[in-house]
Amino acid sequence: MHSILFPLFLIFTVRMEAGGESSGAGENPFTPKGYVMRYWKKQISNDLPKPLFLLNKASPLDSVQFAAFSKLADQNSLSTHLPEFCAKANLLCFPDLTPSLEKHDGDVNFAAYNDRNFTNYGSGRLGGVDSFKSYADGENIPVNTFRRYSRDSAGHNDKFNSYASNGNVPDQSFNTYGTTATGGVGDFRNYNNEVNVPNLRFTSYTDNGNGREQDFTSYSDDGNSGDQKFTNYGKNANGAPNAFTSYGKESNVIGSTFTNYGESGNGANDSFTSYGTDTNVPENTFKNYGTDNNVPVETFKSYRDRSNAGDDNFQTYGKGSNAATVDFENYGQSFNEGTDKFSTYGKDASGETVGFKIYGVNNTFKEYTKKGVTFARYNESTSATLAAENGKNVNKWVEPGKFFREEMLKGGNVMPMPDIRDKMPKRSFLPRIILSKLPFSTSKLGELKKIFHAGDDDSSMAKMLADSLSECERAPSPGETKRCVASIEDMIDFATSVLGRNVVVRTTESTRGYNSNIIIGKVKGINGGKVTKSVSCHQSLFPYLLYYCHSVPKVRVYEADILDPNSKSKINHGVAICHLDTSSWSPDHGAFIALGSVPGKIEVCHWIFENDMTWTIGD
């Protein structure tokens, strides 16, 4: 395909200053950034230095690219040039994968691979081993699809070791993987460890398999946000053992959904050991799990142990099964109470044995079988008691220094600096003119998915679009004024509508000092340290740069030099905000877990993290 970026017309250009950190005089007035510079000067009433950290997030399109893509947007044709648009405009897009029809007769070792579509791979194989080692490690937005992989194979082993570890926004899909396979082992070790916002889907995985073993070890450990989905996993399988060991351990806000898992299976043996242990707000849903199964054995050991809050939902679990044995040990021993729901659990089952040993509070059992179910040591302890028993686990998911009291912002104080690094993929704003031609509402989600090649509803792109639009359309909290902004001009408009035209926007200068102790140097209170209001803006995950901005009343904002504790030299310049009224905050908020209080009793302060920002009235 030829590039669309041909000269549409002759246009005057002026070279930018090196590094793009222009004061405005050398900026091409016809670029998106040039327009932003003029808009800032028009809308902001003071002559204070312009915030380069914000202005440098403007679209990098040059004048010719800007004109060409604007024309495509007018014609509703951006989707036909999406790869080029994403590359030139610095957007977050997923590659369009074409099927791989490669034939591999022998054993294969896939190392340093990425972004592949494996279609009909290993189908009908007799024996052999395929190894995916260090596959897509450290990749930004890795996308891999396995369709009909190892289907109808016999004794074929698959090993996924260190697969897609340390990735950013990975999208992995296994469709009809190992279907009707006999024997063999699927081994997933260190799969998607330490990844950011994973979206993993196993559809019709080992359906109708015979004796095929699946082992998930250290799967998605230390992950951040994201979802795992297993649909029709092991359905109609015969004697298929599945082991989930250390699944999702120490992950942050992870969601897992098992739908029709092991349905109508024969002699299934599933083991969940240390599943969701030490996690933060996990959400796990088991729908029609083990329904109509024959002699299944299910074991949940240390499931969601020592986690913070979270929800588990077991719907029609083991319904209509025969001679099932289910064992829950140390289930839901959260230091901060979660919610567990068992609906039609074991209903209409025959000869079922279910044991709950040392399980947590806030459990609801509806329509469960009364016969063959034993409850031993139901833990009536409160979250405070569990917290005392677990000691340091109480604050595990509240990073040291993430929240602190206002009194800590004094020169000479030593305190931990949390990880303030931005974990989001790097993106730029879109020009306001192009934005005005793109849909932005849940009612037009289909159009947006088409533009950004989102594919099915379970894809990372589709979920990203739907989740961010839903948050943007959510009704504001009491006393909150909010707006999602996708251009610098829109952010300026919102900030000035709340604070007036004499405004300043600030962020912490860099990430230096994170994850270590620091010394507070010189401190300056913004607006004389008086109680004021601000507009804070936080990133949302979207193809282009999108910020959720909201008004924050009754705050004090500070600037502080950050010093190295050994050399006492300045290493950073931080911006912190102290919320004085916390009465409407949730009692489960991490700040109260970390600081040991309740809503409305204390003020809560935190640093402004990398690429977040806060607007205040100009001094």
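Which residues form a disulfide with their sulfur atoms 1.9 Å apart? In this predicted model, the pair is C86 and C93.

**View 1. The C86–C93 disulfide, up close.** The torsion about the S-S bond here is about -65°, so this disulfide is left-handed. Buried means under 20% relative accessible area, so C86 makes the cut with 7%. C93 counts as buried too, at 14%.

**View 2. Helix α4, home of C86.** This helix runs over residues 82-89, and its buried residues are L82, E84, F85, C86 and A89. They pack against three helices: α3 (63-74), α6 (432-435) and α7 (445-451). Just after α4 comes N90, which has a positive phi, near 60°.

**View 3. The disulfide between C472 and C484.** The sulfurs sit 2.0 Å apart, and with -95° about the S-S bond the link is left-handed. This pair links distant parts of the chain, with C472 in helix α8 (residues 460-473) and C484 in strand β23 (residues 482-485), twelve residues apart. C472 is buried at 15% relative accessible area, and C484 is buried at 17%.

**View 4. The disulfide between C537 and C549.** Here the S-S bond shows 115°, making the link right-handed, and the sulfur atoms are 2.1 Å apart. C537 lies in strand β26 (residues 532-540) and C549 in strand β27 (residues 546-563), so the pair ties together parts that are twelve residues apart in sequence. Both cysteines, C537 and C549, are buried.

**View 5. The disulfides taken together.** The count comes to four. Number the bonded cysteines of the protein chain in sequence order and the pairing reads 1-2, 3-4, 5-6, 7-8.

Terms used: Residues are numbered from 1 along each chain as its sequence is written. This is a predicted model: local features need pLDDT of at least 70, side-chain atom pairs count only at pLDDT 80 or more; totals for chains, interfaces and linings use all residues. Side-chain values use heavy atoms; hydrogens and water are left out. Buried means under 20% relative accessible area, exposed over 50%, partly exposed in between (1.4 Å probe, protein chains only). Helices (H or I, at least four residues) and strands (E, at least two) are DSSP runs, numbered from the N terminus. Contact means heavy atoms within 4.5 Å. A disulfide is a pair of cysteine sulfur atoms within 2.5 Å.
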